[in-house]
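Visitor: Please give me a close look at one part of this structure, and explain each technical term when it first appears.

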Amino acid sequence: MLWETARLALRAILRNALRSFLTVLGIVIGVASVIAMVTVGQGSQAQVTADVAKLGTNILMLRPGGRGMAPGPGGGASVARPFDLRMVARLEHGLDEIETAAPVSNGTATVVAGGENYRTQITATDARYLEAANWPLVAGRNFTEAEARSGAAACILGETVRREIFGGLDPIGQSLRLEAMSCKVIGLLAAKGASSFGSDQDDVVLMPIRTFQRRIAGNDDVGTVYIRVADGVATEDAAVAITYLMREIRRIGPEEEDDFDVIDMKQLASMLTQITGVLSGLLAAVAAVSLLVGGIGIMNIMLVSVTERTREIGIRLAVGAQARQVLMQFLVEAIVLSLMGGVLGIVLGLGLAAVAARFMAIPFTPDPAVVLLAFAFSALVGVIFGFFPARAAARLDPIEALRHE
Amino acid sequence: MAGDPPLIRLRGVTRLYGQGAAEVRALDGVDLDIARGEFVAIMGPSGSGKSTAMNVIGCLDRPTSGQYLFEGVEIAGLDRDQRALLRRNYLGFIFQGYNLLPRTSALDNVELPLIYKGMPRAERIARALEALEMVGLKGREHHDPSQLSGGQQQRVAIARALAGDPRVLLADEPTGNLDTRRSVEIMDLLVSLRRQRELTIVMVTHEDDMAAYADRIIWMVDGRIDSERRNGKVA
Ligand SMILES: Nc1ncnc2c1ncn2[C@@H]1O[C@H](COP(=O)(O)OP(=O)(O)OP(=O)(O)O)[C@@H](O)[C@H]1O
Ligand SMILES: [Mg+2]
């Protein structure tokens, strides 16, 4: 009987295909936006988590800055005193909490090779950077200690740079010109793809920091120090120890504020995850409201339909339908209707999420639980908003209903 | 058997519409017995309460006062769902205005009461097709009411009332829209079904020719039974 009722409901729905579609449009849009929001939100969270995992959760970043910045030249914008390699060495050897401290400077440079010109990012560092950044090579080798110390003209290419400059050729052992210097390609980095923020992480050339200081930047500055905390030490404890030693190294008086920042990647990551979580939660809430509106739309149409179909109900009662059966008919009709809307919404939502994921370069990770939930929710919408109209229909008096024009 | 109660017994059945000055006595103390297998025609001027009486007998409407016994059972004591079961299992109704489901094929319309009887689909279709053929609508099974003439719609309504194999057929002007030839065909059908299935028929009609098929003719005026005639003789 239930199957029969569902079959009849489907027929009643298809008899008014256009109106049925318009009725469930609210549900379709509601479910589609919830699914799209949640799926994209989960995708970007997964991306952030993956990025952080790649980076490692035991990494601290040390950068000039903080509140106690020295006044800049000419009394203009404040510029913190830069770091240098001696400071990095003192830090690394002065603290047991630190396993490695890799100095990194960033810049941009024009690469020229075989007539090709390409502007790219420079990451200047030492031999330990690859390990600290968990970034494997796919060809060639890392800098040697000697190369790093002496500032040899050796460089490692990111995948994007390789493609732009060398195309299909093997770059290892080739020479390329970086601004005024010539350097030899010794290694090729594994492709990483875009970061959480959409920048191309493979658009990079690595070189020893001394080489960068001497040949490109023309100073002894170090931009950032990536610190890998020793096993068994909490990053929070390490950060305290580093701050203490740094104040000593940089001779900061007890009244003065730090002129550097210690950034915990773990905290940064959890903050990012939190932000994306809150954002997608907010969007999902907005979408949920539209689902509610969709439900009210169904109720409205079902109520109209009860009035419109009063005679039909009268006829059914006259040939022997019981109130329960009329109730079931309208309820099942509302449920079938909103389930159809739900399925349509799920398909549309996943499609939207897939397109968005492609554009945002995040993983497309449809969550079966969310899909199931959306399906169940649309059934619930049908039950809740279909109930009142169905009850109204079931309560009709047969003779009154038959007389209805 | 003399001791048997009549299939249908009305005693002092009154049905009021409206209140105060606007009160209408659609039925005003109707006493009527109808025996099992009997064919009764109800005649009378427009507004005399014929349809109201049919609705009461068909358990669609309830008397304001008075008693209605069906097979000795007091209808006033039944609830909504029990009355629905009575209609489903014992009664077939042909409405004055057909009352077919719009945008629904003739076949589906005739199937409708069978659905509520819980009949399997295949059997339902077979029965509905058979009923449609009986009323001469073979080939029109998949037409909507809007694609059928008034007379054809009326015959779909007749098929629907008969498909469920009721004990009592309540026909409110079943031939009102049919030409004489069709009307005679339908009356012959009713008479033969009555003989085969021991069908009890209550029929409202304005036409003496149709009333002539009945065992008994009841004449209503102003909600009351004015006179009765049996087989052409005044009772
Ligand atoms: N729902 C209603 N509300 C008020 N008065 C009604 C209602 N239904 C019927 N009546 C009145 O009851 C009386 C009997 O109506 P009924 O429909 O039974 O007449 P009828 O004999 O079937 O007439 P006809 O031959 O025209 O079909 C009429 O005066 C009518 O106006
Ligand atoms: Mg009438």
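**A close look at chain A**

Guide: Over residues 68–77 of chain A, pLDDT (the predictor's confidence in each residue, from 0 to 100) stays under 50, and the model has 12 contacts (heavy atoms within 4.5 Å of each other) beyond four places in sequence for this stretch. Chain A as a whole averages a pLDDT of 84, and 95% of its residues score at least 70. This is a predicted model, in which local features need pLDDT of at least 70 and side-chain atom pairs count only at pLDDT 80 or more, while totals for chains, interfaces and linings use all residues. Residues are numbered from 1 along each chain as written, chains are lettered from A and ligands numbered from 1 in written order, and side-chain values use heavy atoms, without hydrogens and water.

The charged side chains come first. A salt bridge is a side-chain nitrogen of Lys or Arg within 4 Å of a carboxyl oxygen of Asp or Glu, and a search of the whole structure finds 29 of them over all chains. One of these joins the side chains of Arg81(A) and Asp259(A), with 3.0 Å from N to O. Arg81(A) lies in the loop between β1 (59–64) and β2 (83–84), and Asp259(A) in the loop between α8 (235–249) and β12 (260–264), so the bridge ties together parts of chain A that are 178 residues apart in sequence. The helices (H or I, at least four residues) and strands (E, at least two) named here are DSSP runs, numbered from the N terminus. The two partners differ in their surroundings: Asp259(A) is buried, with a relative accessible area of 3%, whereas Arg81(A) is partly exposed at 37%. Buried means under 20% relative accessible area, exposed over 50%, and partly exposed in between (1.4 Å probe, protein chains only).

A second salt bridge pairs Glu92(A) with Arg128(A), whose closest N and O atoms are 2.3 Å apart. Glu92(A) belongs to helix α3 (residues 85–94) and Arg128(A) to the loop between β4 (116–125) and α4 (129–132), so this pair connects parts of chain A that are 36 residues apart in sequence. Glu92(A) counts as buried at 14% relative accessibility, while Arg128(A), at 22%, counts as partly exposed.

Strand β4 of chain A also takes part in a salt bridge through Arg119(A), and the partner, 60 residues away in sequence, is Glu179(A) in the loop between β7 (175–178) and β8 (181–189). Here the N to O distance is 3.7 Å. Both ends are partly exposed: Glu179(A) has a relative accessible area of 35% and Arg119(A) one of 48%. Elsewhere in chain A, salt bridges with shared partners bring Arg309(A), Glu312(A), Arg316(A) and Glu333(A) into one network.

Two members of that network, Glu312(A) and Arg316(A), are among the buried residues of helix α10. This helix spans residues 310–318, and eight of its nine residues are buried, so α10 of chain A is largely enclosed by the rest of the structure. The buried set also includes Thr310(A), Ile313(A), Ile315(A), Leu317(A) and Ala318(A). Just after α10(A), Gly320(A) adopts a positive phi of about 115°.

Helix α6 (residues 159–166) of chain A is likewise mostly covered, with six of its eight residues buried. These are Glu159(A), Thr160(A), Val161(A), Arg162(A), Ile165(A) and Phe166(A). Their cover includes the strands β3 (98–113), β4, β6 (154–157), β7, β8 and β9 (204–208) of chain A. Just after α6(A), Gly167(A) has a positive phi of about 55°.

Strand β7, part of this cover, holds Leu176(A). This leucine is buried, with a relative accessible area of 2%. Leaving aside residues up to four places away in sequence, Leu176(A) touches Val111(A), Val112(A), Ala113(A), Cys155(A), Leu157(A), Phe166(A), Met181(A), Ser182(A), Cys183(A) and Val185(A). One of these partners, Phe166(A), is a buried residue of α6(A). Leu176(A) and Gly114(A) are 62 residues apart in sequence, and their C-alpha atoms are 7.9 Å apart in space.
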